[in-house]
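Here is a briefing on one protein chain. It starts with a single helix and then widens to the whole chain.

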Amino acid sequence: QELREVTAQYLQKLDHVAVRESSGLGILETLGITDAVTVLDPVFLLDREQWEAMAEMPAECKKPYLLVYDFDNSAAVGELAERLAAEHGWAIYSIFDLPYAERCFSLCGPETFLGLIQGAAFVLSNSFHATAFSVIFRREFAVVERTEKINTRMRDLTSLLGLSDHMVTETAKVSFNTDWAAVDRRLAKEIGRSKAYIDEVLRDGKQ
């Protein structure tokens, strides 16, 4: 709260303001910024094929697996991961070190991170970017909210793409029937809008 006034002063000096979450527009309006727009996270502005070209699958990933990306070491995530893995015969792999994971990749780089999501049978996370790349690679996924109050990014993204039912609890019935064609249509519309915004900003900068 003590930074509201100075933040508003700085923002009012900008020619263009964009945010990645629709909830951010409401915050900006309370600061007197009424002409801001929402755009997609930049990861969506590269084509799926470009991300696939960067992805590297670890050699040890030889069987179907559920990938966990859990910032909180959440009991809810662990319970859901173990239930889903048992139901479907999946191994559990994790980005962070977790006691219930068969393999952990805590020191992996971005290429391996991409490869792990691309190759997963299912992605369970409380991470925005694990959610985003699950969408990009068309991997079935579920999101469990984090204990910190930073869930709006994931809620806004899943809502935008018609995937709100992918925000779950440890006891929820998880969906495995994502209509990826419908998701791609919504995503293509938002990508077009986001790229048009960038073009507009660049044109204004040349004037």
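Helix H4 buries Ala76, Val77, Gly78, Leu80, Ala81, Leu84 and Ala85. The cover over these buried residues includes five strands: S3 (65-69), S4 (91-94), S6 (122-125), S7 (141-144) and S8 (167-168). The model is predicted.

**Helix H4: length and ends**
- H4 covers residues 75-88, which makes 14 residues.
- At 1.5 Å a residue, H4 should span 20 Å; its end C-alpha atoms lie 20 Å apart, so the expected and modelled spans agree.
- At the start of H4, Ser74 places a side-chain oxygen within 3.1 Å of the backbone nitrogen of Ala76.
- Ala76 is itself one of the buried residues of H4.
- Just after H4, Gly89 has a positive phi of about 75 degrees.

**Fold and contacts**
- The protein chain contains eight helices and eight strands.
- Its C-alpha trace spans about 55 × 40 × 35 Å along the principal axes.
- Take the contacts between residues at least 6 apart in sequence: 61% of them join residues at least 24 apart.

**Burial and surface**
- The protein chain has 207 residues, and 44% of them count as buried.
- The exposed area of the protein chain is about 11,400 Å².
- Carbon and sulfur atoms supply 51% of that area.

**Charge**
- The protein chain carries 22 positive and 32 negative charges.
- The mean positions of the two sets are 4 Å apart.

Definitions and conventions. Residues numbered from 1 in each chain as written. Predicted model: local features only at pLDDT ≥ 70, side-chain atom pairs only at ≥ 80, totals over all residues. Heavy atoms only, no water. Helix = DSSP H or I, 4+ residues; strand = E, 2+ residues; numbered from the N terminus. Buried < 20%, exposed > 50% of the residue type's maximum accessible area, 1.4 Å probe, protein only. Contact = heavy atoms within 4.5 Å. Areas by Shrake-Rupley, 256 points an atom, 1.4 Å probe, with all protein chains shown as cover. Lys, Arg positive; Asp, Glu negative; His and termini not counted. Charge placed at Lys NZ, Arg CZ, Asp CG, Glu CD. Expected span 1.5 Å × (residues − 1). Polar contact = N/O pair within 3.5 Å; in protein donor to acceptor, adjacent residues only side chain to side chain.
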